[in-house]
Amino acid sequence: MELPPRPPNVCALAWDSVFAEQFGIRSKEVRVREVKDPCTGGITECLFGGCGYTVPLGVWLQCARSGCLWCRFLEKRFLDDIEPESRQPSTGCLDPDEMVDVRVGSYQPLAYRRPLFSSILEIILKYRETIVRRPYFPAACADDPAAAYFEDRMRIPHVGAPHVLTMAKTWMEDCATSHQACRRTMALRSTPWLPTRLIDCSDPVRVRLIKTSDEMHGARYTALSYVWGVKLQSHQTTIDNLEFYTNVGMEVTQLPRTIRDAIHVTRALGCDLLWLDSLCIVQDSPEDKHRELASMCNVYRYAHLVINAASAASVEEGFLQDRPLPDPGAALPFVCPVRAENAERTLPTARIGTVFLRDYVLEGNYYDKHPLRYETKKRGWCLQEALLSTRSLVFNPDTLSLSCQVGHYNVGCSRKAMSEPPFVTLPLYDVIPVTGPPILPGSDEWKTIHHRWLLIVENYSSRLLSYREDKLLACAAIAEVFAPHLGPVYAAGLWRDTLLEDLLWESEGRFLGRQRPRDHTYAPSWSWASTNHCITYETWKGPITHHPMAEVLECDVVPQDDGLRFGPVLPGGYLRLRAMLLSCEWDGAADANGLRIATLKVITLSAEPRACEAKVSQIVRFDYEDDGELQDACLLLLTTSESDIHGIAVARTAWSIHRGGELANEEVYERVGSWRALWNTTGRGVLQRFREDASTVEIVLV
């Protein structure tokens, strides 16, 4: 193939090698191999594969100063990484006469007949004994000739532009017609359902509330997921203005910016109806709130599309502003052969496109260091809105993203954030069947569903809520989806059928400086909803099979509202277990993360305590600050698994329980922490001694 004329900003050596070979995308991967030097017999590392060249260091740097884009790119990103041992001992400088080996290759080399889908280019530089290697994301603009060879595109910053919203609308239509999983989910929604109220957006100047009716069968609506912010919204539907908002309406220009943007997007997508909580729920009516919150699961499930205002920290900010222009990385020429129609050969002439190389490590580190860049991922209420939706249009801080049953990707095919956890990326319906009989308890599918629940609880616990009393309410709709398979009894965030395992949550320290209050107003002490800390289960191990070492005798938790059985609970809920209660000696005070050492010494039971020959040190993680009242805390054994022994720490409390309107006269405990012991020789020996020497006792937890 005859190369096009060399651009003046590329040196001849690079043009005739790296650029002529299209960065090695047709070659084998570039690799480092150890070879034996035939002269000295020593072992040295050499570069193989890909494409490249060898050049004296001084010539390379001279080309960089003369304006060669490629040489300047290498100098900026590789020169400082050459190790001091490879420099001249007398001056500490690099030897200009020393040869530098430059190699470029692809992780996924493909023939020209196919584009390089999601490929990664690797550049390796060898100077003496130093080898520096860096991977890069290649991307091209959609209208550039290089786009035929690289799938990734530059991120779109103009998220509110008409052509971008048209692209989103086209994707939405393709999703509805060509995605089998999405079509199957939408088919399950064949039963007509609409929220009680919707916003009619057909008039771009004035919108109004409408009460839905049977005549609106088949109407499509969008739903807004957003962050209210620290201030109360100026426009909320109340008992006093409900009639005015319905008959007269609201001027669009007077509404908060996020709501104005949602109205604009709804109309651009071809819909006239919008649902959002502040206007479609009567905010000062407890009856209306309870009724609407009870159907929240359906609001997002039946929405044609959920608009996720992920970039807006408050309702006043809006989300259609242009995003900062992305760092394009290094813009380099790319030789694009002109392919024949049958794609079996290339014509002798070629065109020059542009490819952008973005540092793989730097881009990955950026997302790792900014896990909460999405404002809606910081708020507790927004989690159920993301998980319950079947399709979402996500206006994130970088660009515009699309999420459905098939996957999560950016408009325009730019690379998505690499740290997106799968259970947040995809809605719930990818693993939870919404029709048919319940999944058989204990089956692999059932274990996967329960594991998904634990993952969600972990994520939810890291999110913020303006009011503590919303802890169970803001995830009630999620629990409702899981109930057919994990239910039917739901106890303040835990499931009766998996109660021993669900009790094993661990506090992850002082999240945002908030401490767990020592009261049981909003949830029992044994529920993760009683703490303001981030909590964790052992989800990183995948689904775990737990073997019970205790028995649940009674679980008494009463919802505040019979219509919200997965919502807030009344004070006074308790749990009765039959289990082994182990006393211990405490070594020192708890550290900043709530960790403290317990030495198991005796077994406290109904009989007299007896010393156990074996002693073992066990780390206990307290749920809240050790204020000296935890000196009498005991360890409760709950389950064993393949690798660990699990339990919680409990302490006596002055709280009491009521039964049948009367105060029960019995000793009551509260949960104060959790513990886990490795299933090794020592752990097995101590557990066996406990089994031989101890009888079980009943314990009441509040």
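Q: How many aromatic pairs does the count come to?
A: This is a predicted model. Rings of Phe, Tyr and Trp pair if their centres lie within 6.5 Å. By this rule the count comes to 20 aromatic pairs.

Q: Are the rings of Trp-193 and Tyr-302 stacked, tilted or edge-to-face?
A: A pair of aromatic rings is described by the distance of the centres and the angle of the planes. For Trp-193 and Tyr-302 the centres are 5.7 Å apart and the planes meet at 35°. Stacked needs under 30 degrees and edge-to-face over 60. The angle falls in neither range, so the Trp-193 and Tyr-302 pair is tilted.

Q: How many residues apart are Trp-193 and Tyr-302?
A: Trp-193 is in the loop between helix 5 (180-187) and strand 7 (197-200). Tyr-302 is in the loop between helix 10 (296-301) and strand 12 (305-308). The pair links distant parts of the chain, 109 residues apart.

Q: Is Trp-193 buried, partly exposed or exposed?
A: Buried means under 20% relative accessible area, and exposed means over 50%. Tyr-302, at 16%, is buried. Trp-193 has a relative accessible area of 24%, so Trp-193 is partly exposed.

Q: Are the rings of Trp-453 and Tyr-490 stacked, tilted or edge-to-face?
A: The ring centres of Trp-453 and Tyr-490 lie 6.2 Å apart. Their planes are at 80°, and over 60 degrees counts as edge-to-face. So the Trp-453 and Tyr-490 pair is edge-to-face.

Q: Which elements hold Trp-453 and Tyr-490?
A: Both residues are buried. The pair ties together parts that are 37 residues apart in sequence. Trp-453 lies in helix 14 (residues 444-461), and Tyr-490 lies in strand 18.

Q: Which residues does Trp-453 touch, not counting residues up to four places away in sequence?
A: Trp-453 is one of the residues that touch the most other members of the largest nonpolar core, which has 117 residues. Its ring partner Tyr-490 is on the contact list. The list in full is Ile-478, Ala-479, Phe-482, Leu-486, Tyr-490, Gly-493 and Trp-495.

Q: Which element gives the most to the largest nonpolar core?
A: The residues touching the most other members of this core are Trp-275, Phe-395, Trp-453, Trp-528 and Leu-577. Eight residues of the core come from one element, and that element gives the most: helix 15.

Q: Why is helix 15 described as largely enclosed by the rest of the structure?
A: The buried residues of helix 15 include Ile-478, Phe-482 and Leu-486. They pack against helix 10, helix 12 (380-388), helix 14, strand 18 and strand 19. Helix 15 is largely enclosed because its buried residues number nine of the eleven.

Q: Where is the cis peptide bond that leads into Pro-488?
A: Most peptide bonds are trans. Pro-488 sits in the loop between helix 15 (476-486) and strand 18 (490-491). Omega is near 10° for the cis bond, which runs from Gly-487 to Pro-488.

Q: What is the phi of Ala-492?
A: Most residues other than glycine have a negative phi. Ala-492 is in the loop between strand 18 and strand 19 (494-495), and is buried at 2% relative accessible area. Ala-492 is not a glycine, yet its phi is positive, about 55°.

Q: What is the phi of Gln-22?
A: Gln-22 is in the loop between helix 1 (12-19) and strand 1 (31-36). It counts as buried, at 2% relative accessibility. Its phi is positive in a residue other than glycine, near 50°.

Q: Which ring does the charged end of Arg-671 sit over?
A: A charge over a ring requires CZ of Arg within 6 Å of the ring centre. The charged end of Arg-671 is 3.4 Å from the centre of the ring of Trp-505.

Q: How far does helix 7 reach from its first C-alpha to its last?
A: Helix 7 (residues 257-268) has twelve residues. At 1.5 Å a residue, 16 Å is expected. The helix comes close to that, reaching 16 Å.

Q: How far apart in space are Gly-105 and Glu-122?
A: Gly-105 lies in strand 4 (residues 99-106) and is buried, at 0% relative accessible area. Gly-105 and Glu-122 are 17 residues apart in sequence. C-alpha to C-alpha, their distance is 5.5 Å.

Notes: Residues are numbered from 1 along each chain as its sequence is written. This is a predicted model: local features need pLDDT of at least 70, side-chain atom pairs count only at pLDDT 80 or more; totals for chains, interfaces and linings use all residues. Side-chain values use heavy atoms; hydrogens and water are left out. Helices (H or I, at least four residues) and strands (E, at least two) are DSSP runs, numbered from the N terminus. Buried means under 20% relative accessible area, exposed over 50%, partly exposed in between (1.4 Å probe, protein chains only). Rings of Phe, Tyr and Trp (its six-membered ring) pair if their centres lie within 6.5 Å; planes under 30 degrees apart count as stacked, over 60 as edge-to-face and the rest as tilted. A charge sits over a ring if NZ of Lys or CZ of Arg is within 6 Å of the ring centre and within 35 degrees of the ring normal. Contact means heavy atoms within 4.5 Å. A nonpolar core is a set of buried Ala, Val, Leu, Ile, Met, Phe, Trp, Tyr and Cys residues joined through side-chain atoms within 4.5 Å. The expected span of a helix is 1.5 Å times one less than its number of residues.
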